[in-house]
Amino acid sequence: MASCVNAFAVSAEMEKFLCDQLLDQNQPISERFRALFSLRNLRGPLPRNALIAATRDSSNLLAHEAAFALGQMQDSDAIPALEAILSDISLHPIVRHEAAEALGAIGLESNIPLLKHGLVSDPAEEVRETCELALSRIEEMKDVQNHDRSSVTESSPFLSVDPAAPASCSSVDHLREVLLDEEKSMYERYAALFALRNHGGDKAITAIIDSLGSRSALLRHEVAYVLGQLQNKTASAALSKILRNTNEHPMVRHEAAEALGSIADDQCVGLLEEFVKDPEPIVSQSCEVALSMLEFERSGQSFEFLFMQRPTVEEVSAA
């Protein structure tokens with residue numbers, strides 16, 4: 001269960017400002033994301049309820065990010081809302097997928113029946129695959145002594161609650177084989193992906209890039225997300241190809257856009273500027289948010305109103 005202590009001591013006025021900013025549809029999407037990224041560092045009913053309300057926003061990008069934040073916060077009080085999202089097939093698959101992943105991140109066994117139902121009945125393959133992942137993660141957490149969910153979270157040097165714990169195998173060649181094997185379970189492939197991410201190095205990054213050819217849109221989107229975490233310029237060409245491919249799943253193109261924003265060389269920035277007018281809102285808004293984040297970073301300011309320092313790639317590599 002999430003702690004009741006905020007990561008920041010903030011005034012009631014600031015907390016209300018952030019909630020209002022998040023839910024104000026007249027604000028630019030980048031400003032709403034600034035509020036969202038700040039609220040995920042807080043605890044308590046007001047931030048939680050604002051994020052829950054945002055999961056029903058007309059912007060599918062914002063709605064899915066709010067569901068993701070609730071999972072990262074591991075706030076069990078958000079479970080009823082997340083269950084309702086997963087069950088509502090009128091919502092965009094990217095939002096339902098993120099609700100399923102969040103239920104896995106929270107990790108309570110009471111989430112199992114709904115995830116099993118989604119596994120067999122959801123019309124979207126990416127949602128079914130996410131339910132499979134979430135169920136495997138919950139089973140894994142049952143084996144952790146005293147159900148200490150923090151030990152799973154701490155396995156990520158990027159301070160993220162990952163959908164799978166990294167595989168224990170240290171051989172890059174074996175991890176590559178598992179990641180690229182279409183016959184392996186989604187959880188095994190995710191575990192290999194996160195192990196390769198944590199390993200780093202040219203061979204590991206090449207293996208991750210090669211997995212962008214996977215049949216699963218869900219896996220491709222997670223690979224793009226991981227490449228954004230790694231911020232390695234070697235991935236720029238492959239990510240650019242994905243963003244340019246209008247036949248690719250929007251959730252994959254969106255993650256490619258965000259990853260290009262993290263890499264942030266001149267070529268990446270130019271591509272983001274080109275696709276900020278993409279007809280798919282999930283993609284165009286991702287480009288807009290990525291460009292806004294870069295603008296703040298280059299001016300020496302924090303994109304978040306409330307900034308919690310996360311490790312740089314260099315710090316992760318040195319750890």
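At 8% relative accessibility, Phe303 counts as buried. Phe296 is buried too, with 14% relative accessibility. In this predicted model, the two rings form an edge-to-face aromatic pair, with 5.7 Å from centre to centre and 80° between the planes. The pair belongs to a wider group: ring pairs link Phe33, Phe37, Phe296 and Phe303 into a cluster. Phe296 itself falls within helix 17, which spans residues 281-298.

A search of the whole structure gives six aromatic pairs. One of them joins Tyr190 and Phe194, which is edge-to-face because the ring planes stand at 70°, with the centres 6.0 Å apart. Both residues lie in helix 11 (residues 186-199). They are four residues apart there, so about one helical turn separates them. An α-helix has 3.6 residues a turn, so residues three or four places apart point the same way. Tyr190 is buried, at 0% relative accessible area. Phe194 is also buried, at 0%.

One aromatic ring has a charged partner. The charged end of Arg34 sits over the ring of Phe305, at 4.0 Å from the ring centre.

The overall fold is helical. The protein chain contains 18 helices and zero strands. Of its 319 residues, 55% are buried. Among contacts with a separation of 6 or more, 69% are between residues 24 or more positions apart. The chain exposes about 13900 Å². Carbon and sulfur atoms supply 50% of that area.

Confidence varies along the chain. The mean pLDDT is 91, and 89% of the residues reach 70 or more. Two segments stay under 50. One is residues 1-6, for which the model has 15 contacts beyond four places in sequence. The other is residues 308-312, with 13 such contacts.

Helix 16 (residues 266-275) has a buried side and an exposed one. Its buried residues are Cys268, Val269, Leu271, Leu272 and Phe275. These residues lie on the same side of helix 16 because they cover an arc of only 160° around the axis. The face turned away from that buried side carries the exposed residues Asp266, Gln267 and Glu273. Cover for the buried residues comes from several elements. Among them are helix 14 (236-244), helix 15 (250-263) and helix 17 (281-298).

Two loop residues next to these helices have unusual backbone angles. Most residues other than glycine have a negative phi. Ala264, in the loop between helix 15 and helix 16, has a positive phi near 60°. Gln231 likewise departs from the usual sign, with a positive phi of about 55° although it is not a glycine. Gln231 is placed in the loop between helix 13 (217-230) and helix 14. At 38% relative accessibility, Gln231 counts as partly exposed.Two further sites lie in helices towards the start of the numbering. Arg48 is part of helix 3 (residues 45-54). Despite its charged side chain, Arg48 is buried, with a relative accessible area of 12%. The cut-off for burial is 20%, so a value of 12% falls under it. Leaving aside residues up to four places away in sequence, Arg48 touches Leu70, Asp75, Asp77 and Ala78. Pro80 belongs to helix 5 (residues 79-87). In contrast to the buried Arg48, Pro80 counts as exposed, at 54% relative accessibility. The C-alpha atoms of Pro80 and Leu103 are separated by 9.8 Å. Along the chain, these two residues are 23 residues apart.

Conventions
Residues numbered from 1 in each chain as written. Heavy atoms only, no water. Buried < 20%, exposed > 50% of the residue type's maximum accessible area, 1.4 Å probe, protein only. Contact = heavy atoms within 4.5 Å. Areas by Shrake-Rupley, 256 points an atom, 1.4 Å probe, with all protein chains shown as cover. Phe/Tyr/Trp six-rings, centres within 6.5 Å; stacked < 30°, edge-to-face > 60°. Lys NZ or Arg CZ within 6 Å of the ring centre and 35° of its normal. Arc of directions from axis to C-beta. pLDDT = per-residue confidence, 0-100.
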